[in-house]
Amino acid sequence: MNRNRIRSCIEDLGCTARLTDGASKLVVEFIVQGRSVVLYHPFPDELLRAPQFYLQKGHGFGKLAHVLTTEDSEFGEVCIADSLSTVVNTGRPELAYRDTVAKHVELLTRLIEDPAYNREEQLREFDAHWKILCSGSGSITNELFVAWEGNEVERLQVRLPRKTKSGSGLDIRPPSAVADTSVFHLRPKSPKRNKAVRRARRIDHNAVGMRLTHLDPAPATKREVVAWFFDIADRIDCDGRRELERLHRGKGRDYWVIFSAPIPDGEAMFAIHWRRRSKGGLPRSVDEAEAGQWDARPYRVRALSRASLIPRGGGSLDLSNKSVLLVGCGSVGGDLAMRLTSAGVGRLTVSDTDKLSEENLYRHILSMNHIGRQKAEALAHDIGRKHPWAKVESWNRSLECLREPAALKQFDLIVIAVGSPNVERAFAEFCLEESLSVPVINCWLEGYGIGGHAILVVPGTKGCWHCAYVDPETLTPSLLPNLHFLAPGQTVMRDQGGCGTQFLPYSGIAAGYTAAMSADLAVRFLQGHVTTSSKISWKGSDMEANRQRLSVTWRFRHFTESLQILPLHDENCDFCGA
Amino acid sequence: MGIQTHFNKFHDRIKLGRQDSAYKKARDRDDSIKGAVSSAFAAAGYPVVNDFIQGSFDTHTAIVPISGDYDIDRALVIDSAQAPANPVTPKKKTLEVLESRGFRNAKIKKPCVTADYASDNVHIDFIIYKRSPLNQLYLAVGKEHSDENNREWSPADPHGLTDWINDRSGYPTADAQAIQDQFRRLVRYLKRWRDEQFSPTVGARVYSIGLTVMVKQQLRHSFSMEGAPQDLQALRMTLDAIILFGGYFTPELAGRYRVRVPLPVLPWRDIFDGSSLDTGTQLYNKLDYLRRKLAEAEGLSDEREQCRILADLFGRDFEVPDPPKAGSKGRAVYPTAGIVSSSTGA
Amino acid sequence: MRTATSAVHDGVRSFEGHGRRVTVDREVASVWDNHRQILATASESFGVLMGTTSIDRRDIWIEAVTTPLPRDRRSRFSFALRDPGHQQAVSRRFESSNRSAIYLGTWHTHPEPLPTPSRIDLRDWGICVRVNRGRPLAFVLVGIEEVRVFVRARGRFKPLRPDIGSGEIA
């Protein structure tokens with residue numbers, strides 16, 4: 001890296017630039033509103049991200065957005081763009097420097113010249129500023145978990161993260177019932193809590209969450225937090241005021257006030273913890289606070305909020321009111337269940353009569369400690385731990401026993417992953433017979449990793465279950481799906497020791513593909529992107545099938561539409577034709 | 001049901017196989033007369049060393065004739081060492097036998113001796129070859145009074161032609177059977193279309209072998225993703241190729257066309273050699289009309305409408321389904337018959 | 001007492017209700033008519049119903065029936081369908097009908113004018129439904145005066161009402 005070339009390249013921008021400290025630092029200076037702005041840059045050994053510049057304090061422009069200052073440093077870190085999303089031309093570092101400095105000049109000039117923009121940008125990065133206020137000694141940040149959506153004024157139960165023995169910082173153990181936010185509310189008759197909740201370190205006194213309609217940029221220092229709090233408190237309206245009033249009259253040592261507020265492009269959530277040695281009501285003013293020796297400590301809030309965590313994980317909130325029945329909790333079904341709730345499906349009923357056995361381990365999503373347990377029940381348990389807002393119920397029923405219209409009508413979608421063609425056929429006939437209006441997805445995979453399939457039947461639309469069962473040669477109803485990749489009439493099952501021990505050879509990867517594909521079809525349907533009967537397949541390699549001397553179908557040889565949703569309707573189907 | 005089901009039914013009706021009873025009767029006639037001709041050849045000093053049926057049975061492209069007349073192309077092979085120098089000699093001998101056995105309209109044509117069997121609808125062409133020691137066949141060419149310049153033992157390769165038609169090495173191995181089957185169906189459709197759409201005299205000059213070679217060379221097969229044949233589309237695409245890219249039709253003056261389809265095997269001559277501009281023009285225009293109508297049918301969603309168009313092209317054997325009866329509904333189809341339990345009652 | 005007529009005999013060959021319409025072929029109706037237990041000594045007659053259904057399975061068309069076979073057991077008040085010929089008849093018909101004609105239930109006679117199902121009948125019908133899950137089934141009782149058709153609806157067997165207006169099979 002030729003530092004002189006960098007320097008001269010920056011001077012081309014109209015700034016002054018010089019190297020100091022034996023050319024280990026770069027100092028850039030430019031003028032805004034007649035005053036000088038000074039940026040420092042310590043050269044790194046290697047340029048792996050956009051060069052980082054620091055703004056010298058005491059520039060007299062007040063607090064600026066995108067400049068993160070800590071109380072003990074004389075420099076503020078300037079952030080111009082997310083370093084992850086910037087690609088640096090390391091081959092021509094002088095260009096990277098020139099462009100970076102140009103962005104700094106542009107950004108800082110605008111922030112200084114346009115106070116409204118500066119304020120909006122400060123709000124936008126409220127959380128970053130607040131986080132600095134919350135830093136305690138060392139790397140510890142004052143943080144707390146709140147299960148609150150941030151909409152209504154609510155009395156809350158606050159759970160502090162616990163320190164672990166390993167000293168890595170935080171040990172978060174949300175109870176399995178965290179989805180039920182009511183366990184966090186301080187209600188006189190609180191719902192029964194399970195052990196996990198009881199074990200958690202609760203602060204079940206005097207915590208209130210309230211919503212602000214208007215927010216000021218975060219205070220620059222911890223000292224300013226008290227005054228800043230009362231500024232905000234003055235603007236709280238009726239419901240919040242009533243709760244605040246209650247705290248003022250309280251008889252405690254700790255008070256937690258948790259705020260949510262709109263910021264440009266999002267929501268901010270933060271908390272202030274009031275405490276002192278002796279009991280008494282929350283102070284009403286800066287003076288009272290000082291007189292009462294109250295300590296106001298800013299806290300970062302990590303919200304266990306459905307509305308923010310589901311989208312953050314790529315799930316969709318639209319799906320939270322959808323109810324899905326999944327029959328079959330094997331290697332495909334288990335994975336599928338997890339993916340459905342991960343996508344945001346709010347209510348899932350899983351049904352299977354099977355118990356997890358050691359044979360399942362390597363391709364099943366459930367872990368060893370569930371062996372011997374009902375698969376459905378174990379799955380419901382695990383999903384609850386992973387996706388806390390999903391309401392998962394488990395049934396111990398087989399597909400053949402589920403042929404009851406009354407039991408099925410409540411669902412928006414039925415997904416069948418039982419891998420048993422005869423029962424699936426009987427179920428499909430039952431659906432026709434009863435004119436069941438619930439859409440059904442059947443999914444299954446073929447052996448030796450050659451592929452997997454899913455069909456979606458939406459009653460009343462073109463295409464029915466039987467469309468997947470038209471023999472391509474005779475164009476008559478067939479017992480085997482025409483989606484198949486392995487030619488009919490071959491032995492695919494593998495035998496391990498006689499009757500009843502046959503199994504279909506496929507890998508956990510193949511099961512995973514099938515599950516992911518079927519979940520995608522289910523989610524697209526539930527979101528309204530797919531409205532008619534459809535089919536989807538993934539095509540794997542025929543290497544293993546060839547080795548087993550199995551022949552493949554026309555469809556396999558010519559299939560190029562893996563993972564594409566295709567219409568299910570077959571014009572030669574006798575059921576929906578005519 | 002889709003349109004392919006109707007094509008399948010049509011194909012079942014028009015296809016003719018060796019074992020079909022109507023054809024067997026023709027074969028019986030052929031067998032007896034073949035014996036008589038063979039004896040006559042033997043007596044004349046050139047015994048028959050081999051015989052075979054030439055034509056569309058070995059290529060599975062034979063169709064049931066709408067006229068009811070069954071054609072048999074009977075090939076007789078004599079040894080070249082014993083064969084007379086004049087190729088017309090054995091043809092005259094054949095004619096004598098036929099006439100003595102009560103055949104009507106027996107006459108010597110350039111490549112064969114042709115006759116209708118008096119009582120049945122059987123039409124037999126006798127084709128005479130001589131075989132060289134190297135197994136090369138020579139066709140006896142010439143009419144009864146042809147002079148030396150118009151008669152010859154002309155090199156020919158009838159087996160090579162059959163092999164060429166049956167060759168599927170150009171298709172992906174796993175799909176070859178399905179594609180060849182589709183090819184055979186397309187040829188049968190076109191032959192039936194020819195029989196329906198041309199007057200007998202012109203139709204007789206639209207040689208089956210010409211149609212077969214064109215389809216074979218320009219075949220565009222079509223199957224659904226699941227591998228179900230789509231004959232309508234395949235036929236239309238193949239015709240597009242024949243007309244647009246085949247190079248078989250050369251425009252002449254006044255919107256007329258000459259058709260040329262070279263034999264793909266020895267002697268490589270033009271199958272339509274000597275055919276008139278009328279034949280070429282009619283064939284071109286009718287093929288073009290056919291492909292346009294097929295394209296129109298492809299675009300329709302109503303099966304009965306499609307069938308009506310196809311029946312106009314292919315004749316009555318292409319069935320137009322009855323309209324759904326008013327008030328009645330279609331029947332459901334089931335995968336199994338259902339189980340009769342050993343019911344008891346009182 | 002009317003002896004010469006039954007609901008079927010009167011030309012009514014259609015029964016409706018509970019989301020179903022069962023239509024009976026003329027010849028089937030005459031088979032039933034001939035098997036009525038009018039004589040005091042007559043044994044019960046019985047057999048299976050065969051026919052087709054509409055695509056939406058609302059319509060059931062009873063096109064043929066079997067009648068008692070040698071290996072069946074029959075008495076005046078009971079019967080047992082034991083002869084494999086019934087299943088054979090069903091399977092033959094299925095194959096020859098392009099898979100549209102199937103087993104559609106059973107019929108038997110009762111020596112009473114207006115037949116009602118016995119507990120044994122109901123239990124047996126339940127078994128028939130169970131082994132033919134997903135199929136539309138009908139059960140026919142041929143009384144001395146009337147024929148009644150039952151279908152399963154909401155878990156119970158309900159009689160259908162004879163449809164006087166239309167008798168013709170489509």
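Below, two people talk through the contact between chains B and C, the build of chain C, and some salt bridges.

Modeller: A word on conventions: this is a predicted model, where local features need pLDDT of at least 70, side-chain atom pairs count only at pLDDT 80 or more, and totals for chains, interfaces and linings use all residues. Residues are numbered from 1 along each chain as its sequence is written, chains are lettered from A and ligands numbered from 1 in the order in which they are written, and side-chain values use heavy atoms, with hydrogens and water left out.

Colleague: Thanks! How many residues does the contact take from chain B and from chain C?

Modeller: Contact here means heavy atoms within 4.5 Å. By that rule, chain C gives 41 residues and chain B gives 19 residues.

Colleague: And what area do chain B and chain C bury between them?

Modeller: The size of an interface is often given as the accessible area lost when the parts come together. Buried area is taken with a 1.4 Å probe and summed over both parts. Carbon and sulfur atoms carry 52% of it, and the total for chain B and chain C is about 2,600 Å².

Colleague: Which three residues supply 29% of the area that chain B buries against chain C?

Modeller: No other three residues supply more of the area on the chain B side. They are Arg331(B), Tyr334(B) and Ala346(B).

Colleague: How many salt bridges does the rule find across the interface of chain B and chain C?

Modeller: The rule asks for a side-chain nitrogen of Lys or Arg within 4 Å of a carboxyl oxygen of Asp or Glu. A search of the whole structure finds 51 of them over all chains. Across the interface of chain B and chain C, the number is zero.

Colleague: Which strand of chain C pairs with strand β10 of chain B?

Modeller: Strands are DSSP runs of E with at least two residues, helices are runs of H or I with at least four, and both are numbered from the N terminus; two strands pair if DSSP finds at least two bridges between them. Thr344(B) stands opposite Ala80(C). The pairing is antiparallel over two bridges, and the partner of β10 (residues 344-345) is strand β6 (residues 79-80) of chain C.

Colleague: What percentage of the 170 residues in chain C is buried?

Modeller: Chain C has three helices and eleven strands, in the order β-β-α-β-β-β-β-α-β-α-β-β-β-β. Buried means under 20% relative accessible area, exposed over 50%, and partly exposed in between, with a 1.4 Å probe and protein chains only. For chain C the buried share is 54%.

Colleague: Moving to chain A, which residue meets Asp127(A) in a salt bridge?

Modeller: Asp127(A) is partly exposed at 34% relative accessible area, while its partner is buried at 17%. The N to O distance is 3.3 Å, and the partner is Arg300(A). The two are 173 residues apart, with Asp127(A) in helix α4 (residues 126-133) and, in strand β14 (residues 295-303), Arg300(A).

Colleague: Back in chain B, how many residues apart in sequence are the parts that Glu298(B) and Arg236(B) tie together?

Modeller: Their side chains meet in a salt bridge at 2.5 Å, N to O. Glu298(B) is partly exposed at 27%, whereas Arg236(B) counts as buried at 18%. Glu298(B) lies in helix α9 (residues 277-298) and Arg236(B) in helix α8 (residues 231-244), so the parts tied together are 62 residues apart.

Definitions and conventions. Buried area = accessible area lost by both parts, 1.4 Å probe.
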